[in-house]
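Colleague: I should like to learn how to read individual residues in a model such as this one. Please show it first.

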Amino acid sequence: MRKRIFRYLFLMALAMLTACFAVLVPVIYRESVILQEEKLNKTLHTAAIMAEGSGGAAFAAAAMPDFRLTLIASSGEVLFDSRHDPSDMGGHALRSEVRSAAETGFGRSVRYSDTLLEETAYLARRMPDGSVLRISESRSTAFRIAYDLLGWFVFAAVVLIGIFLLVSRHIAGRIVAPVNSLDLENPLRNNAYDELVPMLRRLERQHVQISEHIASLKKQKDEFEHIVGAMEEGLVMLDTFGRILSTNRPAGVIFGLGSDCRESFFRDVDPGDDIRSALERSMDEGRADLQIERKGRLYHLDMSRIMSGERIVGSVILACDITERAERERRRREFTADVSHELKTPLQSIIGASELMAGGLVRQEDMRRFASRIYDDGQRMAALIGDLLRLARLDEGVEISPVMFDLAHAAAKAAEPFREAAEEAGLKLTLECSEAPVMGDPALAGEIVGNLLENAIKYNRHGGSIHISTGLSDGHPFVTVRDTGIGIAEKDHERIFERFYCVDKSRSRLKGGTGLGLSIVKHAVQFHKAEIRLKSRLNEGTEITIVFPAAEKPHAQTQETASMRACPQIGESINI
């Protein structure tokens with residue numbers, strides 16, 4: 001602003017000097033013309049008086065050497081000239097000033113010389129004898145005056161401009177100083193020019209609006225960062241060139257992004273061709289998706305371009321962890337296939353036996369065997385359907401009102417129906433039950449013990465043993481079922497509680513199991529917010545302990561009167 005003010009003042013001063021020069025030259029010229037004509041008039045009058053006297057024109061010319069005097073006869077012949085030889089001069093009768101003087105008694109004319117930048121003024125007067133006396137004098141033209149004054153004008157302009165530079169710098173500084181010292185954060189607190197007050201008021205209004213807008217944007221930014229930071233999905237925002245604008249923590253884990261990844265090109269951070277192709281497709285088509293695997297996890301990438309009006313301003317990548325969903329889908333397919341297989345096998349057996357019987361192809365003495373086979377397969381299907389219904393009930397989270405019960409009583413009651421089966425298998429079944437109060441569902445607790453006991457009988461050796469114990473460990477009720485059976489390989493520990501998972505499927509079918517017992521155990525344990533601890537090795541038996549949360553109120557009644565011994569050591573734990 002200071003330079004602009006200085007430039008305007010400088011140009012204005014230069015224009016004023018030029019205008020003064022342009023006006024001064026005509027004024028000087030006009031004044032010089034007036035003064036010269038007055039002087040010529042007086043001189044011509046004096047010369048006429050002298051010429052009428054005894055001296056004649058030559059005397060008058062001698063008395064006035066600064067002027068040119070010419071005496072012209074009435075015929076136009078030059079009788080005398082103070083500067084030139086009359087014989088060399090032609091007739092002057094046609095000269096305008098001579099002709100005007102001969103006719104009216106006085107004549108005037110001016111003739112220019114372009115080469116000399118001069119002009120000559122002529123005055124003529126008729127003498128009594130009819131001749132004409134003429135006087136002339138050269139003078140500078142307006143251009144010549146301007147040319148002569150130009151040097152002085154330049155000198156004066158340089159001096160005045162030098163003075164002006166100093167003065168204008170000071171003036172411009174004083175004009176700009178209040179503007180430069182404006183407090184734009186508080187416009188109305190300034191003591192500035194009155195002309196600036198409307199602008200300062202507008203600035204104050206705009207400042208308030210901008211502050212409110214900035215506060216709103218900051219709030220939106222904080223809310224966005226809070227939402228993005230709380231997301232479990234990975235989020236990456238890119239500009240149109242593929243540079244990273246924003247990420248969150250899950251995205252950093254998925255794509256290996258560091259805290260300094262802003263402004264980095266995403267293709268340099270994660271150079272996968274499949275991701276790059278999907279990004280290009282999303283920019284062209286508006287959206288693209290892709291599934292990738294990172295560190296043993298499966299992710300679904302949803303890529304979308306970001307529009308602002310009709311303009312593409314960037315793209316966003318949303319990465320969702322679908323590992324559990326994919327695993328559930330895999331298990332669902334396996335479960336459906338297993339259920340179909342488990343139901344199809346006895347159903348086909350029933351249909352086959354029924355067709356043979358209905359067709360009269362079964363001998364009378366074999367009818368009882370075929371009917372028994374149909375009955376056994378029907379029972380197997382009924383047991384399978386019953387287990388599936390119990391699992392569905394547990395999966396749906398059916399509301400069950402918990403009650404306080406004694407785990408020792410529930411375990412003893414659940415074990416009672418299996419005493420005969422254990423004896424038939426040549427197994428020794430013992431119980432060591434101490435009081436263990438539990439808040440929950442005694443029927444579900446009985447199913448836990450029953451299913452564990454059923455597996456212990458089914459996969460045991462002839463002459464082996466099964467031991468059931470209950471009690472408290474660090475204030476937590478527990479029940480343990482230990483057998484001397486075939487055991488479970490360590491690699492199968494994590495999967496034996498899955499539906500229809502059997503370590504030895506041929507042995508399981510031979511024993512008549514549905515493959516859902518341990519899955520029911522897992523869901524019943526989850527209902528009680530309990531913990532499963534498994535200790536087993538191949539050919540060394542299995543020990544499964546269920547540890548329940550500590551009950552608030554102890555249960556006074558003990559259902560089993562067996563001798564009280566210390567609880568067995570609890571082995572390796574598995575959290576379900």
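The dialogue below turns from the whole protein to two residues.

Modeller: This is a predicted model, in which local features need pLDDT of at least 70, side-chain atom pairs count only at pLDDT 80 or more, and totals for chains, interfaces and linings use all residues. Residues are numbered from 1 along each chain as its sequence is written, and side-chain values use heavy atoms, with hydrogens and water left out.

Colleague: How many helices and strands are there in the protein?

Modeller: Helices (H or I, at least four residues) and strands (E, at least two) are DSSP runs, numbered from the N terminus. The protein has 15 helices and 17 strands.

Colleague: Is Asp-239 buried or exposed?

Modeller: Buried means under 20% relative accessible area, exposed over 50%, and partly exposed in between (1.4 Å probe, protein chains only). Asp-239, in strand β6 (residues 234-239), is buried because its relative accessible area is 12%. Of the 576 residues in the protein, 37% are buried.

Colleague: Which backbone nitrogen does the side chain of Asp-239 reach at 2.9 Å?

Modeller: That of Gly-242. A polar atom of the same side chain also lies 2.7 Å from the backbone nitrogen of Arg-243.

Colleague: With which residues is Ile-175 in contact, leaving aside its neighbours within four places in sequence?

Modeller: Contact means heavy atoms within 4.5 Å. On that basis, Ile-175 is in contact with Ile-5 and Tyr-193. Ile-175 belongs to helix α4 (residues 142-180), and its C-alpha is 8.7 Å from that of Ile-5, although 170 residues separate the two in sequence.

Definitions and conventions: A polar contact is a pair of N or O atoms within 3.5 Å; within protein, one must be able to donate a hydrogen and the other to accept it, and residues adjacent in sequence count only if both atoms are side-chain atoms.
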